[in-house]
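Student: I have a model open and would like to learn how to read it. Can we go through it feature by feature?

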Amino acid sequence: MIGKIVERKATNKDAAEIQRVVLNVLEEYGLKPDLEGTDRDITDIEAHYLNRGGVFEVIEDPNGSIIGTVGLFPIDSETVELRKMYFLKELRGKGVGKKLLSRMIETAKNLGFKTISLETASVLKEAIGLYEKFGFAKINENHTPRCDVAYKLDISGK
């Protein structure tokens, strides 16, 4: 058991810890990190997320160490991309992903977005299962070199 966790908004002060979590999970699954390209967004959280109308949050353990991350990256006025939803091993399998994804969907709706997109790698089977349970539909669009699967979720309420 990891004890009480804290979810909070991230700032650039968290960038090194966020990178540690993301790069750790990528390495665990045999995926190549790319801080010059695909992962450049986590080098400046404020510019890439907050200043664009998006959201980036971290999950901390009781000692204040970051053990999970998630971001909503605006693509245009109607679409936001779910990015960097990564959890260290000790956080997985405890229902945190379901709770966090549910809250990110509500946050995206409250911010006025109509669609959530995401790209992932097929080796992240648990994450893909979660996305599919929430109704994300597989699409044939892919822009990120490390990712081989893309999904969209209509949150417009139509």
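Tutor: Here is a walk through the fold, the pockets and a few single residues.

Student: What should I know before I start?

Tutor: This is a predicted model, where local features need pLDDT of at least 70 and side-chain atom pairs count only at pLDDT 80 or more, while totals for chains, interfaces and linings use all residues. Residues are numbered from 1 along each chain as its sequence is written, and side-chain values use heavy atoms, with hydrogens and water left out.

Student: How many helices and strands does the chain have, and in what order do they come?

Tutor: Helices (H or I, at least four residues) and strands (E, at least two) are DSSP runs, numbered from the N terminus. Here you get four helices and seven strands, and along the sequence they read β-α-α-β-β-β-α-β-α-β-β.

Student: How do I judge the overall shape?

Tutor: Start with the radius of gyration, taken over C-alpha atoms, and set it against the globule rule of 2.2 Å times the number of residues to the power 0.38. For 158 residues a compact globule would come out near 15 Å, and the chain has 15 Å, so the two agree. Along the principal axes, the C-alpha atoms fill a box of roughly 45 × 30 × 30 Å.

Student: What about burial and surface?

Tutor: Buried means under 20% relative accessible area, exposed means over 50%, and partly exposed is in between (1.4 Å probe, protein chains only). By that yardstick 47% of the 158 residues count as buried. Accessible areas come from the Shrake-Rupley method with a 1.4 Å probe, and for residues only the protein chains shown count as cover. The chain exposes about 8300 Å², with carbon and sulfur atoms supplying 49% of it.

Student: And which share of the contacts joins residues at least 24 apart?

Tutor: A contact means heavy atoms within 4.5 Å. Take the contacts between residues at least 6 apart in sequence: 62% of them join residues at least 24 apart.

Student: Now the pockets. How is one defined, and what is the volume of the largest?

Tutor: Picture a 1 Å grid over the protein atoms alone: a cavity is a set of points where a 1.4 Å probe fits but cannot get out, whereas a pocket is an open set with protein on both sides within 12 Å along at least five of seven lines; lining residues have an atom within 4 Å of a point. Grid points are joined across faces, edges and corners, and the volume is the space filled by probe spheres set on the points. The largest pocket holds about 850 Å³.

Student: Which residues and elements line the largest pocket?

Tutor: There are 37 lining residues, and Met-85, Tyr-86, Leu-124, Ala-127 and Tyr-131 lie nearest the centre. Strand 4 (79–87), helix 3 (96–110), strand 5 (115–120) and helix 4 (125–133) each give two or more residues, with strand 4 providing the largest share, seven residues. For classes, Ala, Val, Leu, Ile, Met, Phe, Trp, Tyr, Cys and Pro count as nonpolar, Asp, Glu, Lys and Arg as charged, and the others, Gly among them, as polar. That splits the lining into 16 nonpolar, nine polar and twelve charged residues.

Student: And the second largest pocket?

Tutor: Its volume is about 170 Å³. It has 13 lining residues, with Ile-75, Ser-117, Glu-119, Glu-141 and His-143 nearest the centre. Strand 4, strand 5 and strand 7 (149–154) each supply at least two.

Student: Glu-141 is in that list. Is Glu-141 buried or exposed?

Tutor: Neither label fits: Glu-141 is partly exposed, because its relative accessible area is 38%. Glu-141 sits in the loop between strand 6 (137–139) and strand 7. Leaving aside neighbours within four places in sequence, Glu-141 is in contact with Ala-150 and Lys-152.

Student: What is worth checking in backbone angles?

Tutor: Most residues other than glycine have a negative phi. Lys-84 is not a glycine, yet has a positive phi of about 55°. Lys-84 belongs to strand 4 and is buried, at 9% relative accessible area.

Student: Where is Leu-88, and what does Leu-88 touch?

Tutor: Leu-88 lies in the loop between strand 4 and helix 3, and is buried at 8%. Outside its neighbours within four places, the contacts of Leu-88 are Arg-20, Val-21, Asn-24, Val-25, Ile-66 and Ile-67. Leu-88 and Ile-67 are 21 residues apart in sequence, with 5.4 Å from C-alpha to C-alpha.
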